[in-house]
Amino acid sequence: MSEHLQNTLTSMQSRHDVQVEEFRGEFTLFIKPENIQKILLELRDQYDFNVCMDVTAVDYYPQETPRFHVIYQLYSMPNNIRLQVRTRLDGNSPKLDSVQHIYSSANWKEREVYDLFGIRFTGHPDLRRMVMPEDWVGHPLRKDYPLGYEEVQFSFNYDEIMINKPHPKD
Amino acid sequence: MVDIREVSVDELRHLVSDRAMTGETMLLNMGPQHPSTHGVLRLLLELDGEAVVNVIPDIGFLHTGVEKTAESKNYQQAEVMTDRLDYLNPMGNNLTYCLAVEKLTELDVPPRAQAIRVILAEIQRISSHLLWLGTSALDLGAMSMFLYCMRERELALDIFELVSGQRMMTTYIRPGGLWRDVPVEFETAVRNFLKAMPRRIQEYEDLLEKNEIFLDRTKGIGILTAEDCFQYGLTGPVIRGSGVAHDLRKKQPYSGYDLYNFDVPVHPEGDVYARYRVRVEELTQSLRIIEQALNKIPFGPVRSNNRKYVPPPRSEIGVSMEALIHHFKLWTEGFTPPAGHVYAATESPRGELGVYMESNGTAKPYRVHLVTPTFSNLQAVPIMSKKHYLADLIGIVGSIDIVLGDADR
């Protein structure tokens, strides 16, 4: 572990309520969801984590109770180190403060997370669906969203299947 | 029939200026089927005459739900889908995916496999850059470039066909090594490629650098500062064209890139021309890497010996009971990495390609997330194209080398 990362982690641990995890040489900082803006701003301005490579989420339904983890992959260009920031988020109308004013790259990534997981980012200026059609119902990457398949239509059952076909609007 | 929902301009109010609502500026759709958008990218433009006031990119037309599908496949099966993401960089996608799996399972890769991986990834980079050079020069009016570049790209695709049987969707790089060793003709084919390319690259440069129209349409257009690049998470030739020597092959070497000597081309101007120069110089650097790797390619196995993750060779199955069991288990159930999560990143022709992979200890990945360079780079189109003319927008979109399969996933 590089010295800079060590310093960052120890000072984060002493000043905030965070946990540090390590797996395969990668470090993860678990933080509380209400501190997300404060901590990311601090990481960017004081610890040189100047690039946010990715924002994504993982759904642990049904085995864990705070259902979602929102993950930020930060990268420090001058020090060439990566740090993952994770926060646990409850599944009941999940909301998190947007960080797009801290990292502009988070703008589309947050839209994507909203689209695929249904996590709303408060303070986001343009929270529309990113990749799914805008009238789509449901959030596909949630674990309770079925994978789905389509029955093959032949000439003899074409109309029947067409009538029963689930459509996102229904 | 499903009724079609109409989108009114009111829903996009927060994105366009007030002048658009009074009709002073014009809102115009470019794409999704516009030839210069290189796929199915829709750009909603707000135009003041010919000048671009704002660009609102709209992606998702190629969304195929790869991340959702991967959760229902085992690790070997999910790899096949990575070819189809960035269809100009299948080798690089396979490599990134395999690096993530190898990091998760702590698999070792034999040196021969690593050297072949590097050679193929660099040939892929050349073929991707050639297609970019051809199409974006075509957008800017240099039509003959397209034909020359496609001609040379065939040489690269022939090498892929030689090693994997496929020109594009190769799935040749597998967790723990390669599908199988390269055929004996491989070395000659790569040497011929290495011999042919330098003169051809010189030809491209001669064709474009003395082309007044090309120079006028690229120099000083779509300027990005290094600070913009950090803010928007831009990587690859875009950030190197803005004067930042950021290349993961140098900074976080993977697959033995630290064994080879090469330079990272950097141009400080930050315009379309700088990005063009970076890519053309990268062609030469990639040739250097291929030549070094080919000269000292070691002999030995091309797959890891760890039978819990890598299937045994065919010859062993007939004589060893364990090999038969491993073979059966690997091709029915798949392998089960320990629970945990990793992030592996490589330098794709377009920038940082990352795979975030999470395992819960079963044979199927719990979550695979692909951090793709086009997705990040497209975000910067609005800031690059403001105050430019509509015609310059074509060059700007071309200069970030978009592949919509990569952005939409």
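How much area does chain B expose, and what share of it do carbon and sulfur atoms supply? Select chain B and show its surface: about 15,900 Å² is exposed, with carbon and sulfur atoms supplying 55% of it, where accessible areas come from the Shrake-Rupley method with a 1.4 Å probe and, for residues, only the protein chains shown count as cover.

Keep in mind that this is a predicted model, in which local features need pLDDT of at least 70 and side-chain atom pairs count only at pLDDT 80 or more, while totals for chains, interfaces and linings use all residues. Residues are numbered from 1 along each chain as its sequence is written, chains are lettered from A in the order in which they are written, and side-chain values use heavy atoms, leaving out hydrogens and water.

Next, switch to a cartoon of chain B, which holds 18 helices and eight strands (DSSP runs numbered from the N terminus, helices being H or I of at least four residues and strands E of at least two). Reduced to its C-alpha trace, chain B spans about 80 × 55 × 40 Å along its principal axes.

Colouring chain B by burial will show that 61% of its 409 residues are buried, meaning under 20% relative accessible area with a 1.4 Å probe and protein chains only.

Finally, select helix α16, residues 381-385 of chain B, and within this helix pick B:S385, which is buried with a relative accessible area of 0%. Beyond the residues up to four places away in sequence, B:S385 touches B:V52, B:V55, B:L393 and B:I396, a contact being heavy atoms within 4.5 Å.

How values were computed
Buried < 20%, exposed > 50% of the residue type's maximum accessible area, 1.4 Å probe, protein only.
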